[in-house]
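Hi,

Here is the structure I said I would pass on. Have a look at it first, and then read my notes underneath.

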Amino acid sequence: MSLLGDLRASVNAVKPGRTRMRNYDLLLVAAVVALLMFGLLMVFSASIALVDGPKYSNSTRYYFFVRHAVFIAIGLVGFAITVSLPMHIWEKFTLPLFFVSLFMLVLVLIPHIGNEVNGAYRWIPLGPLNFQPSELTKLAMLLFAADYTVRKQKYMHDFWRGFAPMMVALGVVGILLLLEPDLGAFMVSVSIAVGILFLGGISAVLFLLLVVVLLGCFALLILMAPWRVKRIFAYLDPFDPETVQSTGYQLAHSLIAIGRGEWFGVGLGSSVEKLHYLPEAHTDFIMAVVGEELGFVGIISVVVLFLIIVHRGFEIGRQAIAMDREFSGLVAQGVSIWMGVQALVNLGVCLGLLPTKGLTLPLVSYGGSSIVMNLVAIAILMRVDYESRLMMRGERPDRRPLREYR
């Protein structure tokens with residue numbers, strides 16, 4: 001029986017005299033499924049009014065709901081394939097995947113190949129769908145950083161052999177992402193890599209040096225781009241009369257939406273801000289609609305679900321490392337960093353705690369590439385957990401045919 005068969009079974013059989021261990025983390029599965037279903041519901045609610053505008057006037061009210069459901073279905077196919085692949089395969093193909101992601105980041109910048117939207121080249125059209133290479137880059141960077149940390153373990157305190165090569169890799173990825181430009185994806189990719197290096201035991205001095213260098217780079221990138229400087233000032237006072245109708249518009253209406261929701265919200269489907277007041281209500285600012293319709297309780301519920309995913313991911317990684325499976329453990333913890341950092345940034349932007357940045361909420365927001373790669377990442381996390389559970393029973397997952405997995 002495959003792992004997918006075990007996931008479909010709600011309860012394992014109990015044999016007389018002993019309890020059989022599940023092959024998956026029930027709490028993790030429940031949190032992921034809850035976020036997926038909640039996201040589908042909220043995408044439908046947040047996007048239902050968009051068809052009243054000229055851009056989607058020929059579409060039905062179910063346009064975004066159906067597309068999001070299709071993206072989830074594609075993501076579940078990717079999940080099924082990914083969860084069936086042993087971790088040693090991911091470790092073997094880490095470098096090829098990293099170079100493929102770099103190639104796609106170059107490809108998206110080529111005229112007539114990359115799709116330009118609002119001055120940004122972030123998508124490659126694939127028929128009726130668009131693929132965003134930066135989402136693949138997050139996964140590639142995660143695997144690359146974990147593999148690099150394991151291979152360079154004895155050089156983690158050496159500047160030239162342990163620190164410099166990773167900085168070069170981050171620099172190449174950063175340049176390509178900033179040419180799109182996509183500062184949000186760069187921030188998440190850097191957070192994943194730096195987090196894995198820290199967990200992998202990099203020298204404290206080198207880690208602090210890396211953090212200082214990166215903070216300096218982010219500050220320089222902001223100062224070099226006038227529109228980013230304007231976003232910073234709008235973030236400091238979104239209701240300033242000079243910015244409330246321009247750079248502070250999204251944040252101002254996001255705060256209005258959350259303020260209207262109070263404790264329990266105005267009711268599912270009753271948001272006013274989604275009626276063409278709040279731009280990107282179904283993508284980057286979906287939590288503003290959640291706050292307006294479901295209130296503080298709705299926001300806290302989503303936060304708790306993400307905390308469960310992050311906690312279980314770190315615990316799964318810790319267990320794998322304790323079994324001398326360093327690569328798998330660091331990958332699992334890297335997935336937790338990815339989900340946690342991106343969710344934190346998205347929620348921080350909606351609440352006005354961070355400057356406006358275009359990042360979707362993992363597993364919830366509308367976005368094809370994002371939802372697919374999120375599910376692939378979760379599948380890798382669950383694969384790490386699955387192999388650890390097999391080892392606890394004295395089995396060696398990497399050397400058994402898939403048909404014998406249980």
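Below is what I found, going from the whole chain down to a few single residues.

First of all, please keep in mind that this is a predicted model.

**The chain as a whole**

Going by secondary structure, you are looking at 14 helices and three strands. The radius of gyration is 22 Å, close to the 22 Å that the globule rule gives for 406 residues, so the chain is as compact as a globular protein of that length. If you want a feel for the dimensions, the C-alpha trace spans about 65 × 55 × 40 Å along its principal axes.

Of the 406 residues, 51% count as buried. I also looked at contacts between residues at least 6 apart in sequence: 69% of these join residues at least 24 apart.

As for the surface, the chain exposes about 18600 Å², and carbon and sulfur atoms supply 68% of that area. On the charge side, there are 32 positive and 27 negative side chains. The centres of those two sets lie 10 Å apart.

**Two domains**

The chain is divided into two domains. Domain 1 is made up of two stretches, 25-84 and 246-389, while domain 2 covers 91-224. Their C-alpha centres lie 22 Å apart. The contact between them takes 22 residues from domain 1 and 28 residues from domain 2.

**Four residues to click on**

Let's start with T60. You will find T60 in the loop between α2 (26-47) and α3 (63-83). With a relative accessible area of 49%, T60 is partly exposed, and that value sits just under the cut-off, since a residue has to be over 50% to count as exposed. T60 and I48 are 12 residues apart along the chain, and 8.7 Å separates their C-alpha atoms.

L375 has that sequence spacing from E387 too: the two are 12 residues apart, with their C-alpha atoms separated by 18 Å. L375 lies in helix α14, which runs over residues 368-392. Is L375 buried or exposed? L375 is buried, because its relative accessible area is 1%, and buried means under 20%. Not counting residues up to four places away in sequence, L375 touches L36, I72, G75, L76, F79 and L363.

Next comes G184, which is in helix α8 (residues 183-199). G184 counts as buried, at 0% relative accessibility. Which residues is G184 in contact with, leaving aside its neighbours within four places in sequence? The answer is K357 and L359. You could also check S134, which is 50 residues from G184 along the chain; the C-alpha atoms of this pair are separated by 9.6 Å.

Last on my list is S254, in helix α11 (residues 249-261). S254 is buried as well, with a relative accessible area of 0%. Setting aside its neighbours within four places in sequence, S254 is in contact with L278, F285, A288 and C350.

If you only have a minute, I would bring up the two domains and then show L375 together with the residues it touches, including L36 and L363.

Cheers

Definitions and conventions
Residues are numbered from 1 along each chain as its sequence is written. This is a predicted model: local features need pLDDT of at least 70, side-chain atom pairs count only at pLDDT 80 or more; totals for chains, interfaces and linings use all residues. Side-chain values use heavy atoms; hydrogens and water are left out. Helices (H or I, at least four residues) and strands (E, at least two) are DSSP runs, numbered from the N terminus. The radius of gyration is taken over C-alpha atoms; the globule rule is 2.2 Å times the number of residues to the power 0.38. Buried means under 20% relative accessible area, exposed over 50%, partly exposed in between (1.4 Å probe, protein chains only). Contact means heavy atoms within 4.5 Å. Accessible areas come from the Shrake-Rupley method with a 1.4 Å probe; for residues, only the protein chains shown count as cover. Lys and Arg count as positive and Asp and Glu as negative; His and the chain ends are not counted. The place of a charge is taken as NZ of Lys, CZ of Arg, CG of Asp or CD of Glu. Domain bounds come from an automatic or database domain assignment.
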